[in-house]
Amino acid sequence: MNMIKSMSKTTKNNAITYAMVIIAFAVVQTMVMTGNITSLMNGLLVPLCTYVILAISLNLTVGILGELSLGHAGFMCVGAFSSSIFSQLTVDVITTGWMRFSLAIILGAIMAGLFGFLVGIPVLRLKGDYLAIVTLAFGEIVKNVINAIYVGIDEAGVHFSLQDVTSLGLSETGLVLIKGPRGITGTPKDSTFVIGVILIIITLIVILNLMNSRTGRAIMSIRDNRIAAESVGINITKYKLLAFAISAALAGVAGALYAHNLSTLTALPKNFGYNMSIMILVFVVLGGIGNIRGSIIAAVVLTLIPELLRSLNDYRMLMYAIVLIVTMICTWSPKIKELRERYSLQNWIQKKKHAKEVV
Amino acid sequence: MEFLSYLINGISLGSVFAIIALGYTMVYGIAKMLNFAHGDVIMVGSYVVFVSVNSMELPTVVSVLLSIVVCIVLGVVIEGIAYKPLRQAPKLAVLITAIGVSYFLQNVALLIFGADTKSFQSVVKADPITFAGGQVVVSVETIVTIAACIIIVLALSYFMKHSKMGRAMLAVSEDSGAAQLMGINVNRTITVTFAIGSGLAAIAGVLLCSAYPALTPYTGSMPGIKAFVAAVFGGIGSIPGALIGGILLGIIEIMGKAYISSQLADAIVFGVLIVVLIVKPTGLLGKQIQEKV
Amino acid sequence: MKKNLLKRMMSLTMVAAMALSMAGCGGSAATEEATTSDSTASAETSEGGTFKIGGIGPTTGAVAIAGASVKAGAEIAVEEINAAGGINGMMVEMNYQDDEHDAEKAINAYNTLKDWGMQVLMGTVTSNPCIGVAPEAEADNMFLLTPCASAVECIVADNAFRVCFSDPNQGAASAQYIVDNGVADKVAVIYDSSDVYSSGIYESFAAGAAEYGVDIVETQAFTSESRTDFSVQIQKAKASGAELVYIPIYYSDATLILAEAVKQGYDARFFGCDGLDGILNVEGFDTSLAEGLMLLTPFAADATDDLTVSFVEKYMDKVGEVPNQYAADGYDAIYIIKAAAEAAGVTADMDYSTICDLMVPVMTEITVAGLTGPAMTWEASGEPNKDPKVVEIVDGAYVLMQ
């Protein structure tokens with residue numbers, strides 16, 4: 001009891017976040033074990049983990065670094081494709097599933113982080129919406145290039161082509177890695193809910209510790225006032241790049257999880273285009289910018305809504321749109337804020353208390 | 001000769017981007033928000049023309065005017081319901097609302113018109129003009145598109161400089177707080193901006209679908225994004241910037257396809273954008289933002 | 001700050017709850033409607049139980065037309081079958097779910113259908129989602145029949161079959177037809193390099209062209225992000241002197257290409273695959289642009305056989321549009337499932353795995369007369385045997401070539 005009291009506010013807050021994830025995991029896992037879960041929910045578990053990681057990692061860029069990024073799906077795409085190629089190449093060499101998958105995830109994270117770093121160098125000189133548009137451009141370039149490129153490997157080395165599989169000129173034993181728009185097929189299905197949750201926890205540890213560290217405070221000071229931060233000797237470029245690259249690397253982890261959950265990996269506008277980047281951004285904004293726990297909840301709720309609305313058939317996506325608009329207005333409109341304050345439960349209780357005291 | 005016709009096609013495509021980008025840029029300059037639903041207003045405008053020409057058999061001019069009116073009303077209604085309550089909210093909240101509106105319009109169109117492609121009959125009917133011995137063919141749609149773009153830019157520039165409302169818009173875009181103190185009705189100015197932007201979207205829709213006659217509920221989204229890119233390219237908030245950005249984007253897209261690779265056309269467009277922004281961080285004609293300490 | 005968050009979360013959950021409660025109402029209404037429409041056919045003869053067919057396809061998103069057409073076509077088949085007494089006395093119930101043309105969403109749809117009690121799967125409609133769902137169906141041992149997913153990878157599993165031709169099949173057949181009939185010597189290709197279907201056919205066409213001696217003089221691509229302007233592609237094809245342009249793409253893009261060709265005064269012939277079917281029915285399309293267009297298709301809505309005539313009439317009544325080949329594939333898929341289920345002696349109380357075990361072996365034995373082929377049979381690999389028809393558009397109507 002004393003220990004809890006003596007904990008600082010942030011530690012307590014973080015503990016709640018971890019506890020939330022672990023309790024949710026325990027409840028769901030029990031349901032899975034006892035078979036009390038629908039196939040839909042069971043199939044959704046890994047995607048949910050993917051979106052949660054994406055939302056948390058984007059929150060690092062948007063909420064903590066304070067820069068708008070519309071290319072998060074691009075980093076996810078890099079992670080997904082690199083890890084998937086790795087798994088395909090090593091599927092016969094490393095037969096221990098978990099070991100191969102961990103290496104694939106690490107590779108996905110490194111590749112995505114590297115891209116984040118490379119993109120970050122020129123991009124972080126820009127501000128606000130210009131930075132947003134360049135990240136969007138980056139995401140679209142990644143998707144476009146992956147859709148156009150054919151990659152194959154044989155004993156002579158790696159072959160590239162922009163034409164088709166035949167023009168790769170592979171030998172008999174050659175293996176086609178990326179088949180243009182048909183992407184990669186046959187990635188081993190290594191992703192599980194348990195691994196997903198472990199990755200969420202790792203992501204949380206990385207981000208929450210970063211936030212409460214010296215580095216994190218430096219990053220947040222850049223967000224709050226760049227000039228002031230610079231004047232006290234904080235290396236703006238270094239910290240910005242660091243945050244950006246970590247965020248990209250974590251998106252790469254989510255990409256690896258995504259890729260190993262599906263047997264087909266293609267770079268469609270739907271999964272790696274700006275639409276996806278925007279969807280992740282919606283999670284972050286709806287959950288509260290800079291609020292990690294909020295991102296988790298929003299990612300889960302917003303991924304579930306379209307699925308639970310399936311019975312609405314054609315009106316499903318329309319409802320989703322209305323949910324977005326209404327939530328934003330309910331949260332931010334001054335008139336509704338006023339209404340809410342007037343009729344909120346807390347005020348009502350407080351008023352009663354107050355009335356009692358007066359009596 | 002080939003080069004010349006690529007150039008003309010590029011300018012034609014670019015002119016459509018430019019008109020859409022104008023709507024983006026005006027709204028951004030004055031309301032300081034990225035109106036992601038702008039592309040979908042284009043789609044609505046095109047459907048209005050499609051229905052009034054094909055089903056109601058109205059004359060072309062009337063249906064174009066009808067489409068402009070419908071889009072203006074739609075723009076004002078969207079602004080009033082979805083954006084006005086969020087004036088004080090963070091920029092990102094408004095962005096998400098705009099995305100919500102975009103999904104909303106797409107799905108309403110999907111429910112009303114279905115997913116099937118509608119073929120749009122061109123609003124201008126005349127034979128293409130050929131010169132240089134049949135080597136270069138210029139369609140009437142191309143000429144009308146380019147002409148419309150020039151007229152719109154000239155009219156807008158005149159309006160911004162010489163009308164009371166236009167100057168109010170400039171004032172709001174400079175400093176909305178100060179403008180309010182000077183007695184400018186900021187809310188009304190923003191509403192008028194949305195009306196003009198949506199009217200432009202209707203015109204852009206008609207031109208887009210005349211030149212490229214396939215209409216689906218998702219017709220507006222990709223040109224919308226490209227026009228947004230064009231607006232940033234030219235320096236967002238600047239009217240001549242939107243014109244230059246749009247036309248350059250059109251030319252780059254066509255030239256990239258023609259001379260480099262038709263598969264990588266998008267990568268080329270976005271790649272050039274990144275390079276331009278690294279060299280000129282606020283776009284070609286964007287104002288250098290002064291940082292206040 | 002903390003209070004703020006609490007409120008934000010509250011409003012989020014409030015809205016979600018609202019949406020869900022609305023969904024609940026809408027959902028029950030929808031299912032009620034579905035059951036009444038099914039049971040009106042022959043409610044009293046339903047002692048054989050119900051046979052639950054799951055359908056998956058995109059009904060929203062950029063390729064919604066494919067999913068929506070299959071759904072409508074399949075629904076007509078279900079109504080007909082129920083009116084005629086069902087399958088082995090079982091009433092057929094179909095539940096059709098949206099996958100937005102996304103592999104992940106398709107798996108969600110698949111799981112939703114499993115929860116509903118699906119016994120066989122008719123889907124998915126498009127290739128990518130199908131490649132995603134197929135391993136799930138294989139692991140569950142769920143019978144899978146896809147109406148129009150044409151990529152090779154869709155039906156590698158033993159329990160997966162398809163109604164349509166495969167991509168390689170179409171590309172090679174096109175090249176062969178062009179050579180055998182002396183349609184053209186110099187050919188240009190315009191294809192969608194971001195699309196599985198289009199690039200798959202292009203690849204096999206290129207291989208076929210090399211084999212049969214067709215000279216491909218120009219190859220141009222476009223992507224889903226740059227599908228508005230085709231001036232460059234047409235100009236390049238024109239400059240190459242190609243007499244024929246091969247367009248293995250969907251008809252919505254083809255309308256733009258044909259219009260652009262006329263604009264530039266390029267009078268080559270155009271040749272495409274089943275994706276072009278439906279071009280004559282595009283609302284507002286000037287069909288004179290498509291004059292002389294040749295396409296390889298299993299289905300022509302203008303055919304005069306009784307089956308097609310009655311189907312087109314019913315489809316027009318139901319949807320108000322002329323059916324395309326997706327609708328025909330969907331319709332045939334339901335009848336193929338019926339034929340297989342009858343041959344296998346499936347009953348309503350069997351689970352999906354038992355049904356799959358019974359239906360897979362009989363698939364290679366049955367012969368089905370459908371809209372897309374008068375006598376379709378299947379290989380154990382899952383591929384159908386039927387002859388592609390080449391039709392040409394003459395005076396705004398399909399004319400069968402041979």
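In this predicted model, helices α3(A) and α12(A) come out roughly perpendicular to each other. The helices in question are α3, residues 39-64 of chain A, and α12, residues 274-287 of chain A; they pack at an angle of about 70°, with 8 Å between their axes. On the α3(A) side, the contact is made by A:Tyr51, A:Leu54, A:Ala55, A:Leu58, A:Asn59, A:Val62 and A:Gly63. Helix α12(A) answers with A:Ile280, A:Leu281, A:Phe283, A:Val284 and A:Gly287. Sorted by class, the residues of this contact are nine nonpolar and three polar, with no charged ones.

Chain C has a helix pair of its own to look at. Helix α10 (residues 325-344) and helix α11 (residues 352-363) of chain C pack at about 105°, and their axes are 8 Å apart. An angle from 65 to 115 degrees counts as roughly perpendicular, and α10(C) and α11(C) therefore get that label. Four alanines of α10(C), namely C:Ala340, C:Ala341, C:Ala343 and C:Ala344, meet C:Leu358, C:Met359, C:Val362 and C:Met363 of α11(C). This contact is made up of eight nonpolar residues, with no polar and no charged ones.

Then there is the sheet. Seven strands of chain C form an open sheet in the order β7-β6-β8-β9-β10-β14-β15, and the pairing is mixed. The edges belong to β7 (215-222) and β15 (397-401), each of which has a single partner strand, so one side of each is left without a neighbour in the sheet. On average, and ignoring direction, neighbouring strands are turned by 25° against each other. At the β15(C) end, strand β14 (residues 389-394) of chain C runs antiparallel to β15(C), and five bridges join the two. Within that region, C:Val394 stands opposite C:Ala397 of β15(C).

Moving up a level, the domain assignment splits chain C into domain 1, covering 47-165 + 308-385, and domain 2, covering 168-297. The centres of the two domains, taken over C-alpha atoms, are separated by 29 Å. Each domain puts eleven residues into the contact between them. On the domain 1 side of chain C, those residues are five nonpolar, five polar and one charged.

Chain C also touches chain A, with 48 residues of chain C in contact with 51 residues of chain A. Elements of chain C that each supply at least two residues to this side are α1 (2-42), β2 (91-98), α3 (103-116), α4 (127-140) and α6 (196-212). Helix α1(C) gives the most, with 15 residues. The class breakdown for the chain C side is 18 nonpolar, 18 polar and twelve charged residues.

How far can all this be trusted? The model as a whole scores ipTM 0.86 and pTM 0.86. Chain C has an average pLDDT of 83, and 88% of its residues score at least 70. Among its elements, strand β4 (residues 144-146) has the highest mean pLDDT, 95, while α1(C) has the lowest, 44. Over residues 19-45 of chain C the pLDDT is below 50, yet this stretch has 28 contacts in the model beyond near neighbours in sequence. Where pLDDT is low, predicted coordinates should not be read in detail. That caveat bears on the chain A contact, given that α1(C) supplies 15 residues to the side of chain C that touches chain A and has a mean pLDDT of 44.

Note on methods: Residues are numbered from 1 along each chain as its sequence is written. Chains are lettered from A and ligands numbered from 1 in the order in which they are written. This is a predicted model: local features need pLDDT of at least 70, side-chain atom pairs count only at pLDDT 80 or more; totals for chains, interfaces and linings use all residues. Two strands pair if DSSP finds at least two bridges between them. Axes are lines fitted to C-alpha atoms, for helices over the stretch in contact, and angles run from 0 to 180 degrees between N-to-C directions. Angles under 35 degrees count as roughly parallel, over 145 as roughly antiparallel, 65 to 115 as roughly perpendicular and the rest as oblique. Two residues are in contact if their C-beta atoms, placed from the backbone, lie within 7 Å. Ala, Val, Leu, Ile, Met, Phe, Trp, Tyr, Cys and Pro count as nonpolar, Asp, Glu, Lys and Arg as charged, and the others, Gly among them, as polar. pLDDT is the predictor's confidence in each residue, from 0 to 100. Domain bounds come from an automatic or database domain assignment.
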